[in-house]
Each structure stands twice: as structure tokens, then as C-alpha cells.
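Work through these short exercises with the model open. Each task is followed by a worked solution.

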Number of protein chains: 2
Amino acid sequence: MTPGAGAASTPGGSGSAARSPTALRADAARNVAQIRAAAIAAFHGRGLGTPLEEIASAAGVSKATIYNRFGGRQGLIDAVIEELVGAEMRSIVDRAGQPGDPWERLATYVTDLRDLQYREPAAVDVILMAYPRSAQVNAQWQLGRASGIALVEQAHQAGVIRADFTPDDLYQALVANGLALRHRPKPGRQDYDRRGRFLLDGIRPHR
Amino acid sequence: MTPGAGAASTPGGSGSAARSPTALRADAARNVAQIRAAAIAAFHGRGLGTPLEEIASAAGVSKATIYNRFGGRQGLIDAVIEELVGAEMRSIVDRAGQPGDPWERLATYVTDLRDLQYREPAAVDVILMAYPRSAQVNAQWQLGRASGIALVEQAHQAGVIRADFTPDDLYQALVANGLALRHRPKPGRQDYDRRGRFLLDGIRPHR
DNA sequence: AACTAACTTGACGCTACCGTCAACTTGACT
DNA sequence: AGTCAAGTTGACGGTAGCGTCAAGTTAGTT
């Protein structure tokens, strides 16, 4: 099953093609590249649920070719999610892992993740785990999640967030935010950021 | 079009049926009652988007009969929404309109609406305006909305909420909450209520 | 008990998407 | 320039829901 799976990784290399037994024919390699590009654009605009037919026609191929090359939506997501949100997600986690004031780090993490959700619909799908069978997406989210848990714990130890706040509360807040971005018209940046501040102020220790 | 529309209102009265020209035949009146009951149960369990076929079979009729008697989903919603959420919504608004401490009244309103959302999926649809063409639903939500706006304004005058908080922020918070209830597994009551407290604490004036 | 307007419904066509396959086309090697 | 494995695709069948209508059934009247 899933014949050409794995083909998406380094289809051509650069110059010298040794023509390994699993190498793609030139037309197929071209299609892989076009499909990837179309998928990235579509996922960026509409999220990971974009109809495959739409991506196929944007890539100038038929829907069946996506199945041939990537094995379906899961495989296609796996092939582009790193480029789409992986780098950003990692940089957010890195930044939050830097030494510094626990509250600042948590606030930065929340703000950065909310910003990513605002800019990138595909990131919303990652956080909502809308396609949990995709290994890449799962890994991506585990990364963010582990970081969030650590930050909440450290903030607790420093006493800078209310005692009854749990890591899951943080996750649910991000989920609710993602659902709003997914299902409602995008708020203006001003409004969105202000609401982010309300969230952060709500989790500090009682006055 | 929509032949039997309006039939849902007082189909039988009580005893003396004067057989007005628009009166329903006995079998039709029975079906109306069964459909209403099935719709109330279904909407309560699954929200206003429950497939009509499901409601029809629960009522022991065919889907087409719902169209005959109520003119479709809109009409069906109109026929039961009052019983489903109207009374509760009005009581929440009443309670919030009582004289008293502005903060207490706002907090009560938020808590009550969140509680209603938790208990009644149909109320979530009302707040999300998932079926905006339904006059009843619209009226219901206008009621709640107007009350919310007034409460926020009064709280501002009393200086008990942060100056940058808007009525729309309140609405968006309730929407995000409704979306979470709609699209994710229901949290436990403890967790849900705690998160409601975070929300309220986040909108008080800065420490 | 015959009549007929009111009523019900199975079956249909429609939308929008998914995933598959037999038949065709073509790149690459000889 | 011939061969054929690799590759592509149009067309299909499946899911899940909506809204409609011709044909059949029945309540209520005479």
C-alpha cells in the first residue's frame, strides 16, 4: 500500500543523481515538488483540512497523483508540516527554554504561540491535533506541550502564577483560541492581543 | 412554500376544537407533538445541528414530514427554542438586571451563561448564532447580548473592570467557550468552573 | 360506504468530500 | 525506434447530509 511513500524526502538532491532503486522518474519528481508547493500555500491559507482536489488542481495534477506520491492527506501533511510550522514551533520552544524570569518566559511562550496561531492556520491544526495520525504533527505538538508543562511548573515553583492553574488549563486556553480562529472571522490584531493580555492577567496569583 | 408553517403553535388547544380552517388533522397534530418532543430531546443532546433524519426517526415519522409541518430546520428550531433555552436565558437576564453591586452582577451573568452553555448544547448554538435565519434564536440572543453590553457599561462606570475591556471581548470569550464545548470533550465541572474564574479575574482592573 | 382534501413517505437528485483502480501515457534505458 | 516499468488520471463507488415530489394512504365528512 501507499506506493510512493517516502518519496517526498530529497527527491533530486542537487546535481549528480545516482539513480538509486527507489529514485523517482523526472516527471514524478516534478509533480512532487509542485504538489508540495501547492500544499504549503493551501495549508497556509486554509489549514490542514483543505480539500485535496483543490491542492491537486493548484499543482496541475489530479487528486490521484497526491495519493500515488504521498499516500493521502496524512503523508502530504508529514511532508510539509516541518516547513510550515516546525521551524517556528521550535524557535518558540527554544526562546521559552532560555534562562530568565519564569513569568516572563511563560508569558512569552503564550504570546508567541498565540501569534503563531494568528499567522498560521496550519499551526492551529497542530495545536488542535486535528490530524493525530500524522507522526510529524504529533511530534511537533509534543514539543510544544512538553515545553508548556515545564514552564507552568517552573512558574509555580517561583510562585508567579496562581496555585490552582494547571498545564491542562493552559492547553485548553490555547485550544479555545485556536477554535475561535478556525471557526470565526479573524479579529483585528489589536483586539486579539488585548484578549491575550486578559488571559495572562487571569492566571497570575490573586490580587 | 413551507405549507404547514405556523402549525406548531397550539395545535390542539385543550378540549373544544372549533376546527378553524387552518386546523390540523388529528394524525398531523399527533405528529407535530411527537416531532417537537423528539427535537427537544435531540437538540438537548446534540445541539441544533442534529440531522433531521435522526429526529424524524426518533419521532416515528419520515424526514419529509418535518418539512411538511415545520418547513425545515429553521421552523423546527423556532418551534422549540423557547422551551429549550428561552426561559433560562430570560431568567439569567432578569437576575443580571436586578439592582446590586455591578461587579457581582457581571460575574453572575458570566457564570450563569457559562453554566447554561455547559448544560445545554442548544444554548451554545444560540450564542454562536449558528442558525442566524431563525427569528426566535435571534431574538433570544439579542436579549442576552443587550444585557451583557449594559452590564459591561455599568461595570466601567463603577470602575470595577479594566478600562480596555469591551462588550465584544465578553462576547468573544463566551464564543470561544462555546466552541470548546462544541468541538472538544466536555471538561469536568471542577475544571470548567475554575477556568471561568480565570476569565473573570483577567478582566478586573490591573493589580 | 363513498368520497376527497389532508397528510405521509420512499425514493430521488443535489452538494461536497474521500479513497481506489483499470486503462492509458510517457520517461528512460537499450 | 522499441520496449516496458513507472507514472498519471478520469471515472467510479462510498459517506453524510440536505431539500423535494409524485404516488400512495387515511381522517373526517356527507
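**Exercise 1. Find the turn of chain just after H1(A) and state its phi.**

Solution. Go to Gly47(A), just after H1(A). Gly47(A) has a positive phi of about 90 degrees. Helices here are DSSP runs of H or I with at least four residues, strands are runs of E with at least two, and both are numbered from the N terminus.

Before going on, note the ground rules. The model is predicted: local features need pLDDT of at least 70, side-chain atom pairs count only at pLDDT 80 or more, and totals for chains, interfaces and linings use all residues. Residues are numbered from 1 along each chain as its sequence is written, while chains are lettered from A and ligands numbered from 1 in the order written.

**Exercise 2. Check the length of helix H1 of chain A.**

Solution. H1 covers residues 26–46, which is 21 residues. The expected span is 1.5 Å times one less than the number of residues, so H1 should span 30 Å. Its end C-alpha atoms are 30 Å apart, which agrees.

**Exercise 3. Which helices of chain A do the buried residues of H1(A) pack against?**

Solution. Start with the buried residues, among them Asn31(A), Ile35(A) and Phe43(A). Buried means 20 or more other C-beta atoms within 10 Å of the residue's own; exposed means 12 or fewer, and partly exposed lies in between, with C-beta atoms placed from the backbone. The partners are H2 (52–59), H3 (63–70), H4 (73–97) and H6 (121–128).

**Exercise 4. Which helix gives the most to the surface near DNA strand D?**

Solution. H3(A) does, with four residues. In total, 24 residues surround the strand; near means a backbone-placed C-beta atom within 6 Å.

Methods:
Two residues are in contact if their C-beta atoms, placed from the backbone, lie within 7 Å.
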